[in-house]
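Colleague: Could you walk me through some side-chain and helix contacts here?

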Amino acid sequence: MISIVMDSTKPTMTNQNINHGYGDTNLVSVLIDQNEILTSKLEACAEEESEHKSKLDDLRIEIESLKVKLTDLDREAEEIEESASAKCRGDSTSEEIQNLLLTYERLKSDERQFKKMCNEELERLRGLASQADDVDTPQSDIEAQLQRARLRLESGKAELGAISRKLAVLKRQIEQVPNRTELREYRLRFSELYNQVSATHRQTKQFFSLYNSLEDTKRYLEKELSLLNSIVDSYHQVSHTASGRVDFFNQLSSLHDGMKDTCNKVDKRYHTERISVEKLQHELQRLLDQKVAYEKCLKELESECKNNDILLARLKKKEASQKQ
């Protein structure tokens, strides 16, 4: 502010002095008006700067929350990877799990790129905030930067949602794959079911064999009974003459020869069936030996898988301790 001091001791003033006094007064009023205008502009700029700083703070808070969500998602993804790796070691569908893990790795790389982009954007915004403390940035530039930051934040949220959905789908697919305990339970249940079906099938075969043998015995007894009846009837008819008795004897001889041939065929079939039964018994014994060897190998594999899990857990703990 410029103050004017008038000399009151002089009673009179010339025209030149009066004009000079009026010029100084106009200059002071102009300077006061300019000072008020500048003060108002500075206050407006200060208010805009405070508003921009509050917006930048809100944006920083949103970015920090997004980073926290990304960290939680990364931890959940690591847990999914650990469970998937634990399940893949005892699962027969390892190829499908490997494909799912490759998809997961690709999604994880996309997530890392997104985190890198967010960190770069955060550093850029921090730089802008630090510059805003020293230099007054025009309002249009700040609004444009905030708009770009909002657009990037929205795109980041959309990408994060897509990655979360993909991870959820991948997690459901991995959870649908049975683990080692469930596979063991399935194997036990299928073994019990197979034993029940095998026992029922064996019993049914025995019933059919018994029925067939009884049916054959019945047929042979009926034939024998009819033969004896025919012999008795024929004997009563031919017993009165010598030629009839000779013919009857010849018929009995031929019948005896036929019965011998039938007995020989039955004995031959019996020996053939017996040889096949012995072969099947040897094959059954070989399969039982293979079953015992398979169960032994399966137990050894399960113990080695447990040891492998323990070693992997120790290795991960050691790597985590080294990173810290």
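Colleague: Glu185 and Arg189 both lie in which helix?

Modeller: This is a predicted model, where local features need pLDDT of at least 70, side-chain atom pairs count only at pLDDT 80 or more, and totals for chains, interfaces and linings use all residues. Numbering starts from 1 along each chain as its sequence is written, and side-chain values use heavy atoms, leaving out hydrogens and water. Glu185 and Arg189 are four residues apart, about one turn of the helix, and that helix (a DSSP run of H or I, at least four residues, numbered from the N terminus) is H4.

Colleague: Nice! At what N to O distance do the side chains of Glu185 and Arg189 meet?

Modeller: They form a salt bridge, meaning a side-chain nitrogen of Lys or Arg within 4 Å of a carboxyl oxygen of Asp or Glu. A search of the whole structure gives five salt bridges. For Glu185 and Arg189, the N to O distance is 3.5 Å.

Colleague: And which residue lies over the face of Tyr220?

Modeller: A charge sits over a ring if NZ of Lys or CZ of Arg is within 6 Å of the ring centre and within 35 degrees of the ring normal. Here the distance from the ring centre is 5.4 Å, and the residue is Arg219.

Conventions. Helix = DSSP H or I, 4+ residues; strand = E, 2+ residues; numbered from the N terminus.
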